[in-house]
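The exercises that follow ask the reader to work through one protein model step by step, from its strands to its pockets. Please look over the sequence and the structure before turning to the solutions.

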Amino acid sequence: AFGVVADIQFADAEDGYDFGGCRRRYYRDSLRLLREAVQAWAGESPPIDFVLQLGDSIDGQNARRGEAESALQRVLEVLGQLPVPVHHAWGNHELYNFSRARLVHTGLYSRPAGGSDGPPDRECHAYHCSPAPRLRLVVLDTYDVSTLGTDPGSPRYQESLRLLREKNSNEDLNSPEGLREPHFVAFNGGFSQAQLDWFDEVLKFSDENQEKVIVTDHVPIHPCASNGVCLAWNYEAALSVIHSHRCVVCVLAGHLHDGAYCLDSHGVHHLTLEGVIETPPDSNAFGTVYVYEDKLVLKGRGRIPDRVMQF
């Protein structure tokens, strides 16, 4: 069993609204809701084995307030009360607060320090592990190709900006207005070919060893588990890798605060978790996933509905 939570976006700030000005965000309460989640997970019987934090642990406004380090420390202190590992996906709000190079040296860098568990690029926050026999967890980095958290003079930034401008003609690169492919906005990102090649090799190994694989990242990779905007730039390439193997049973993502779900044409479940940040203080948004031989069972709390995902 494992815990799941997405889009905490904590800031020591008064409540506010999303970029559209219509969705209320509860910045301080999000930390209290996380604390409630941790207490619930700690009381699980049998105990959970790990927690997935699906990205956007702190809000971007912390950078403007000079509070990025302290806000992150407060979130990590709460998660640190758990006696089990926490696997972190990197979201856009992490990259509003920190450079990729800095994130490598924070508690959000959950990729193991040594070995060949991830791509050669150590700043690519992708890795895999086996939390139980015949079960593999793969964490992907949906901002491996992105203009966020990257030195504007670097080849990574220049190539990402070229790709973004090729698809997005708006002055504001965060605006999807009028775009034929509205997911090409700066708050999304994509996968490098190196990461996709590595991912393919991991899934090949899992096929050969008859493992079941759970994939997690911040940005959804299936249009039907998205709103059409919150979607990885080259989601088709990631899906192509997944669909060329038999082992992946589920993809867990955040980013879209309303949440979404679909079962794709290859029998893979795509679950996008509701975000803590837009959860009213009298509710919550987290869950526990129980892994069986033939299914995943999600017990949701608050805004997150229960779900059975057969495979």
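Helices (H or I, at least four residues) and strands (E, at least two) are DSSP runs, numbered from the N terminus. The model is a predicted one, in which local features need pLDDT of at least 70 and side-chain atom pairs count only at pLDDT 80 or more, while totals for chains, interfaces and linings use all residues. Residues are numbered from 1 along each chain as its sequence is written, and side-chain values use heavy atoms, with hydrogens and water left out.

**Exercise 1. Locate T150 and decide whether T150 is buried or exposed.**

Step one is to place the residue: T150 sits in the loop between β7 (135–139) and α6 (155–167). Step two applies the accessibility classes, in which buried means under 20% relative accessible area, exposed over 50%, and partly exposed in between (1.4 Å probe, protein chains only). With a relative accessibility of 14%, T150 is therefore buried. As a last step, consider A101, which is 49 residues from T150 in sequence, while their C-alpha atoms are 8.2 Å apart in space.

**Exercise 2. Trace the strand pairings that start from β6 and pass through β7.**

Two strands pair if DSSP finds at least two bridges between them. Strand β6 (residues 127–132) is joined to β7 by four bridges in the antiparallel sense, and H128 has V138 as its bridge partner in β7. The hairpin of β6 and β7 has two residues between the strands, and R134 takes a positive phi near 60° there.

From β7, five bridges lead on to β8, this time in parallel, with V138 opposite V215 of β8. Strand β8 (residues 212–216) in turn runs parallel to β9, with four bridges joining them, and V215 stands opposite V251 in β9. Between these two strands the chain passes through helix α8 (residues 235–243), and this β-α-β crossover is right-handed, a term that applies if, with the strands pointing away from the viewer, the path from the first strand over the helix to the second runs clockwise. Finally, β9 pairs with strand β11 (residues 269–272) over four parallel bridges, where C250 is placed opposite H269.

**Exercise 3. How many residues of β7 and of β9 are buried?**

For β7, five of its five residues are buried. Both faces of β7 are covered, since L135, L137 and V139 on one side and R136 and V138 on the other are all buried. For β9 (residues 248–253), six of the six residues are buried, so this strand is largely enclosed by the rest of the structure.

**Exercise 4. Which side chains make polar contacts with those of E211 and T279?**

A polar contact is a pair of N or O atoms within 3.5 Å; within protein, one must be able to donate a hydrogen and the other to accept it, and residues adjacent in sequence count only if both atoms are side-chain atoms. E211, in the loop between α7 (193–208) and β8, is buried at a relative accessible area of 9%. Its side chain contacts that of R136 at 2.8 Å and that of S206 at 2.7 Å. T279, in the loop between β11 and β12 (285–291), is buried at 0% relative accessibility, and its side chain makes a polar contact of 3.1 Å with the side chain of R303.

**Exercise 5. Find the unusual backbone geometry in three loops.**

Most residues other than glycine have a negative phi, and most peptide bonds are trans. D7, in the loop between β1 (2–5) and β2 (16–17), has a positive phi of about 50° although it is not a glycine, and D7 is buried, with a relative accessible area of 0%. H255, in the loop between β9 and β10 (260–263), has a positive phi near 80° and is buried at 8%. The peptide bond from S45 to P46 is cis, with omega near 0°, and P46 belongs to the loop between α1 (29–42) and β4 (50–53).
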